[in-house]
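Subject: Structure handover and findings

Dear colleague,

Please find below the structure I am handing over to you, followed by an account of what was found in it. I would be grateful if you could read the account with the coordinates open.

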Amino acid sequence: MSLEIQTFILGPAQTNAYLVADTQTNQAVVVDPAWDGGIIVKETVARSWKITGLWYTHAHFDHIGGAAEIVRLQAEDLMIAMHPGDLTLWRAGGGGKLFGLEIDPGPEPDRLLSHGDQLEVGRYGFEVRHAPGHTPGLCVFYCQEENLCFSGDLIFYRGVGRTDLPGGDWGELEKSIRRQIYTLPPETRLLSGHGPETSVGEETVSNPFIRG
Ligand SMILES: [Zn+2]
Ligand SMILES: [Zn+2]
């Protein structure tokens, strides 16, 4: 009985979508329903889980492209959480046009996040930490109890998020990584938007872009 995380690598940008469930209550959320929502819903049905929320680290199209299908397949009581700083980007289809990829973004987020908010999946609490730079509204979701943080496209294994897209800002990104990631305990697992898992301790020492 614990917090279980299933990782899916989906869509044209090979984005990590995380299905996060409290196996005692069978409640689940999807952090970044990247693409192919049907694949994620199929997994939840097989495990008798129920998706109660979609949490967006940010509004880029490759992180929200599966949302409309999830909502279509499982519409009741589903909350969509995002920081309002990314609403403009969300309304522009997540910027997919730049890449020739237009998506149906699904329903507009109905839970607008602020820094310091608490989100829950079953008995597990996640702290919302606003960390702009890759996009204006990017947030990471930190669970102290489980020592893990969903970091979106803020920081990756030996990498950081790009800042050359609309709304990106290198100075903000650097500040966000130092204040919202490198202040977490070194053993904190970082589950990011692309690529393999890493940890705060590893990146403070080995990240080639921003050293702790
Ligand atoms: Zn992104
Ligand atoms: Zn991404």
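In what follows, two strands count as paired if DSSP finds at least two bridges between them. In this sense, Tyr18 stands opposite Val31 in β3. Please bear in mind throughout that this is a predicted model.

The sheet that begins at β1

This open sheet has six strands, in the order β1-β2-β3-β4-β5-β6, and its pairing is mixed. Its edges are formed by β1 (3–10) and β6 (111–112); each has a single partner strand, so one side of each is left without a neighbour in the sheet.

β1 and β2 pair over eight bridges in the antiparallel sense. Within this pairing, Phe8 of β1 has Ala17 in β2 as its bridge partner. The two strands form a hairpin with four residues between them, and Gly11 in the turn has a positive phi of about 85°.

From β2 (residues 15–22), five bridges lead on to β3, again antiparallel. Val20 is placed opposite Val29 in β3. The hairpin of β2 and β3 also has four residues between its strands, and here Asn26 takes a positive phi near 65°.

The next pairing runs the other way: β3 (residues 27–31) and β4 (residues 50–55) are parallel and are joined by five bridges. Val31, for example, has Trp55 in β4 as its bridge partner. The connection passes through helix α1 (residues 37–46), and β3, α1 and β4 together make a right-handed β-α-β unit.

Burial and the nonpolar core

How many of the residues of β2 are buried? Eight of its eight residues are. Both faces of the strand are covered, with Thr15, Ala17, Leu19 and Ala21 buried on one side and Asn16, Tyr18, Val20 and Asp22 buried on the other. β3 is mostly covered as well, with four of its five residues buried.

The largest nonpolar core contains 56 residues, of which Val29, Val30 and Phe141 touch the most other members. β2 supplies the largest share of this core, namely five residues. Leaving out residues up to four places away in sequence, Val30 touches Ala17, Tyr18, Leu19, Ile40, Ile51, Leu54 and Ile70.

Ala81 lies in strand β5 (residues 79–82). Ala81 counts as buried because it has 20 C-beta neighbours inside 10 Å, and the cut-off for a buried residue is 20 or more. Neighbours within four places in sequence aside, Ala81 is in contact with Gly53, Trp55, Tyr56, Pro109, Arg111, Leu113 and Leu119. Between Ala81 and Ile39 the separation is 42 residues in sequence and 21 Å in space, taken from C-alpha to C-alpha.

The sheet that begins at β7

A further open sheet of six strands follows the order β7-β8-β9-β10-β13-β14, also with mixed pairing. Here β7 (118–121) and β14 (198–199) are at the edges, each with a single partner strand, so one side of each is left without a neighbour in the sheet. β14 runs antiparallel to β13 (residues 189–192), to which two bridges join it. Arg189 has Ser199 in β14 as its bridge partner.

Helix α5

Does the length of α5 agree or disagree with what is expected of a helix? Helix α5 (residues 170–181) has 12 residues, which at 1.5 Å a residue should span 16 Å; its end C-alpha atoms are 16 Å apart, which agrees.

The buried residues of α5 are Leu173, Ser176, Ile177, Gln180 and Ile181. Viewed down the helix axis, these buried residues fall within an arc of 105°, so they line one face of α5. An α-helix has 3.6 residues a turn, so residues three or four places apart point the same way. On the face of α5 turned away from its buried side are the exposed residues Gly171 and Arg179. What covers the buried residues of α5 includes the strands β8 (124–130), β9 (139–143), β10 (148–152), β11 (155–156) and β12 (159–160), together with helix α6 (200–206).

Yours sincerely

Definitions and conventions:
Residues numbered from 1 in each chain as written. Chains lettered and ligands numbered in written order. Predicted model: local features only at pLDDT ≥ 70, side-chain atom pairs only at ≥ 80, totals over all residues. Expected span 1.5 Å × (residues − 1). Buried ≥ 20, exposed ≤ 12 C-beta atoms within 10 Å, placed from the backbone. Arc of directions from axis to C-beta. Contact = placed C-beta atoms within 7 Å. Right-handed = clockwise from strand over helix to strand, strands pointing away. Core = buried A, V, L, I, M, F, W, Y, C linked by C-beta atoms within 7 Å.
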